[in-house]
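Me: I should like to learn how to read the features of a structural model, one at a time. May we work through an example together?

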Amino acid sequence: MHTLIAGGEEYIDIDSYACLIALAELFALERRAVSALVPDTINYSVPHSLVVSNEHIVTQCPGESYEAYVVDLSNPDDMASCVDRKKIVGIFDHHHGFEEYWQDRLGERAVIEMIGAAATLIWEEWGRRELKSDILPATARLLAFAIASNTGNFGISITSSRDRDAFAELSVIAVEREGWTEALFREVDRQALADIHTTLRLDTKIAEYPNMGAVSAGQLELWDGASFFQRHMSVVDEVLDTFGAPRWFMSVPCLSEQRNYLYTKDRELQELLSRFTNAVFDEHGLAVTDRLIYRKELYKQFMS
Ligand SMILES: [Mn+2]
């Protein structure tokens with residue numbers, strides 16, 4: 001039976017990309033016929049220098065007869081559309097919402113755990129199959145950087161010791177020294193800023209908040225976020241103003257400083273954001289937090 005590894009329909013970030021490549025390689029070592037479904041467009045979070053090409057990568061589902069594993073995703077609505085949901089036999093994910101659904105269907109082959117990166121779960125699977133020493137250095141590097149990236153360089157609260165352990169082991173196999181990820185994070189910054197309009201549009205979300213109505217929330221994670229608003233404020237104004245909600249804010253998690261740069265001219269949003277983060281807004285509508293905080297976390301606060 002052919003095995004297909006799949007992720008999302010449109011959104012393949014560094015975590016899903018690393019999972020797709022690494023799980024396909026693991027199954028190929030076990031002499032399974034395997035394909036990894038990688039759409040043509042991958043997210044800017046994948047550094048060009050880590051992109052691999054091999055015979056397992058496909059852009060279409062392989063005919064009728066296959067079994068599928070889904071990575072970094074468990075919401076059936078978001079999965080690649082060509083994947084027959086009935087053919088799914090395994091899931092590796094770290095998002096809330098569909099744990100029971102998959103547990104009922106797949107039992108222990110539903111590996112859904114709330115840790116920093118799905119890439120960590122894939123690396124642990126390499127361990128269960130006792131093949132860790134056979135991974136290609138390029139794949140080890142990919143998994144390791146996916147873990148560093150998905151955990152905000154180990155700064156966000158969901159980061160677990162399992163993520164740290166996996167990263168340490170993979171860095172050794174990839175023959176990397178301490179601090180090796182910085183150059184890759186800088187490469188991602190360049191990719192994100194190369195077409196900043198598109199990057200902002202793709203990473204802006206609208207949510208309804210109690211007593212506030214619709215709010216557009218832009219987020220752009222950067223290694224070097226300190227000078228972002230000095231350089232790009234007019235683009236932010238332009239994209240967020242036309243995004244569709246009457247109020248908006250923009251957040252730039254800055255990985256090198258482990259804190260966020262926030263921007264909004266809306267007084268009520270400033271007040272709310274200040275209450276949740278202790279950040280103080282200046283006369284330009286800018287503020288800096290004292291820790292790294294992602295939009296997901298802000299959502300939760302806004303809703304409560
Ligand atoms: Mn992920």
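Me: Is Val175 buried or exposed, and how many C-beta neighbours does it have inside 10 Å?

Reply: The model is a predicted one. Val175 has 10 C-beta neighbours inside 10 Å and therefore counts as exposed, the cut-off being 12 or fewer. Val175 is found in the loop between H5 and H6, and its phi is positive, about 55°, although the residue is not a glycine.

Me: Which residue in the loop between H4 and helix H5 (161-173) should I examine?

Reply: Phe154 lies in that loop. Phe154 is not a glycine, yet its phi is positive at about 70°. Because Phe154 has 18 C-beta neighbours inside 10 Å, it counts as partly exposed.

Me: How should one read the faces of a helix, and which residues of H6 are buried?

Reply: An α-helix has 3.6 residues a turn, so residues three or four places apart point the same way. In H6, the buried residues are Thr181, Leu184, Phe185, Val188, Asp189 and Ala192. Viewed down the axis of H6, these residues fall within an arc of 150°, so they line one face of the helix. Ala183, Arg190 and Ala194 are exposed on the other side of H6. The buried residues of H6 pack against H4 and helix H7 (196-202).

Me: What span should the 14 residues of helix H6 (residues 181-194) have?

Reply: At 1.5 Å a residue the expected span is 20 Å, and the end C-alpha atoms of H6 are 20 Å apart, which agrees.

Me: How is a pair of packed helices described, and at what angle do the axes of H3 and H4 cross?

Reply: Two packed helices are described by the angle between their axes and the distance between the axes. The axes of helix H3 (residues 118-128) and helix H4 (residues 137-150) cross at roughly 145° and come within 8 Å. H3 contributes Ala119, Thr120, Ile122 and Trp123 to the contact, and H4 contributes Leu143, Ala146, Ile147 and Asn150. By class, six of the contact residues are nonpolar, two are polar and none is charged.

Me: How does one read a sheet, and in what order do the six strands stand?

Reply: Strands of a sheet pair through backbone hydrogen bonds, either parallel or antiparallel. Here the sheet is open, its order is S3-S2-S1-S4-S5-S6, and the pairing is parallel. Strand S3 (57-58) and strand S6 (110-112) stand at the edges with a single partner strand each, so one side of each has no neighbour in the sheet. Helix H1 (residues 14-29) packs on the sheet, and its direction makes about 175° with that of S2. Helix H2 (residues 99-106) lies across S5 and S6, at about 155° to S6.

How values were computed
Residues numbered from 1 in each chain as written. Predicted model: local features only at pLDDT ≥ 70, side-chain atom pairs only at ≥ 80, totals over all residues. Axes fitted to C-alpha atoms, helices over the stretch in contact; angles between N-to-C directions. Helix = DSSP H or I, 4+ residues; strand = E, 2+ residues; numbered from the N terminus. Contact = placed C-beta atoms within 7 Å. Nonpolar A, V, L, I, M, F, W, Y, C, P; charged D, E, K, R; others polar. Expected span 1.5 Å × (residues − 1). Buried ≥ 20, exposed ≤ 12 C-beta atoms within 10 Å, placed from the backbone. Arc of directions from axis to C-beta. Pairing = 2+ DSSP bridges.
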